[in-house]
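Visitor: Could you take me through one part of this structure closely? Please keep the sentences short and explain each term as it comes up.

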Amino acid sequence: MQMILRESRQTDEHDIAEVIMACHWESPVADHELLALRWIRQFLVTEPQNGYVLEHPDTGKVVGYIVCVTDTMVYEHEFEMTYFPQIMDRFNELEVQGFEYLEENRRLLSFTGVQDTGIDLASYPAHLHINILPAYQRSGYGGMLLSAYEENLRKRRVQGYHLGTAAGNTQGISFYKKHALDLLHTTYKDGKPAISFLGKRL
């Protein structure tokens with residue numbers, strides 16, 4: 001069954017959050033509002049025209065997505081000024097409420113600007129997040145999302161893009177390299193590789 005590829009919209013936020021939880025959390029313990037503020041809402045509010053989703057033709061549910069900002073420097077400034085304070089407020093609310101999974105959600109407070117890594121943002125100004133539900137992986141959908149995304153950036157005359165992924169994500173890194181992304185930088189934590197940044201010139 002072929003999934004439907006379409007542009008993202010703000011009403012996709014809940015479904016995208018479900019995809020993120022299925023891909024990166026062992027169980028659905030993330031607070032939806034916190035997750036949306038950290039990884040979804042800013043993209044869908046500021047640049048919905050630069051994101052795509054895979055929609056199941058029978059259920060209408062989103063099974064995969066790619067979201068993007070075309071100018072990382074602008075994005076990071078807006079995030080620090082607008083969204084990060086909201087994240088902290090939401091976390092404090094959960095703490096007051098005695099939220100059962102508070103510690104599991106603490107990782108959503110982590111933010112390191114890409115500008116601090118030394119990556120040449122003039123050559124790779126855009127950045128993306130992409131996830132597909134495990135049941136729909138290895139079916140060509142990742143390449144479909146990435147191709148639509150890249151074509152959109154070319155039309156907008158964006159010179160290139162980058163992304164970050166866990167250094168141990170060998171499957172993901174192999175996928176990106178297959179699609180002509182190069183390793184740009186690796187960050188380390190406690191002397192071990194933590195995050196790998198890859199990019200592609202368009």
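Guide: We start at a hairpin. Strand 6 and strand 7 form this hairpin, with 2 residues between the strands, and D190 takes a positive phi near 55 degrees there. Strands here are DSSP runs of E, at least two residues long, and helices are runs of H or I, at least four long; both are numbered from the N terminus. The model is predicted, and local features need pLDDT of at least 70, side-chain atom pairs count only at pLDDT 80 or more, while totals for chains, interfaces and linings use all residues. Residues are numbered from 1 along each chain as its sequence is written, and side-chain values use heavy atoms, leaving out hydrogens and water.

Now the two strands. Strand 6 covers residues 182-189, and 7 bridges join it to strand 7 in an antiparallel arrangement. Two strands pair if DSSP finds at least two bridges between them. One such bridge links L183 to its partner L198 in strand 7. T186 also lies in strand 6. Leaving aside neighbours within four places in sequence, T186 is in contact with P193, I195 and S196. Contact means heavy atoms within 4.5 Å. T186 also sits 11 Å from G118, C-alpha to C-alpha, although 68 residues separate them in sequence.

Step back along the chain to helix 7. This helix spans residues 170-178, and its buried residues are G172, I173 and Y176. Seen down the helix axis, these buried residues fall within an arc of 95 degrees, so they line one face of helix 7. The arc is taken from the directions from the helix axis to the C-beta atoms. Buried means under 20% relative accessible area, exposed means over 50%, and partly exposed lies in between (1.4 Å probe, protein chains only). On the other side of helix 7, T170 and K178 are exposed. Strand 7 comes back here: the cover over the buried residues of helix 7 includes strand 4 (126-132), strand 5 (160-166) and strand 7 (192-201). After helix 7 comes A180, with a positive phi near 70 degrees.

Next, helix 4. T72 lies in this helix, which runs over residues 72-97. T72 is buried, with a relative accessible area of 1%. Not counting residues up to four places away in sequence, T72 touches V114, L121, P125, A126, H127 and H162. Further along helix 4, the side chains of E93 and R90 meet in a salt bridge (3.1 Å, N to O). A salt bridge is a side-chain nitrogen of Lys or Arg within 4 Å of a carboxyl oxygen of Asp or Glu. E93 and R90 are 3 residues apart in helix 4, so about one helical turn separates them. E93 is partly exposed at 38% relative accessible area, whereas R90 counts as buried at 19%.

Helix 4 also leads to a core. The largest nonpolar core has 28 residues, and those with the most contacts inside it are I16, I20, W25, L35 and Y65. Helix 4 gives the largest share of this core, 6 residues. A nonpolar core is a set of buried Ala, Val, Leu, Ile, Met, Phe, Trp, Tyr and Cys residues joined through side-chain atoms within 4.5 Å. Apart from this core lies another, of 23 residues, among them V63, C68, A126 and Y161. A126 is also one of the residues that T72 touches.
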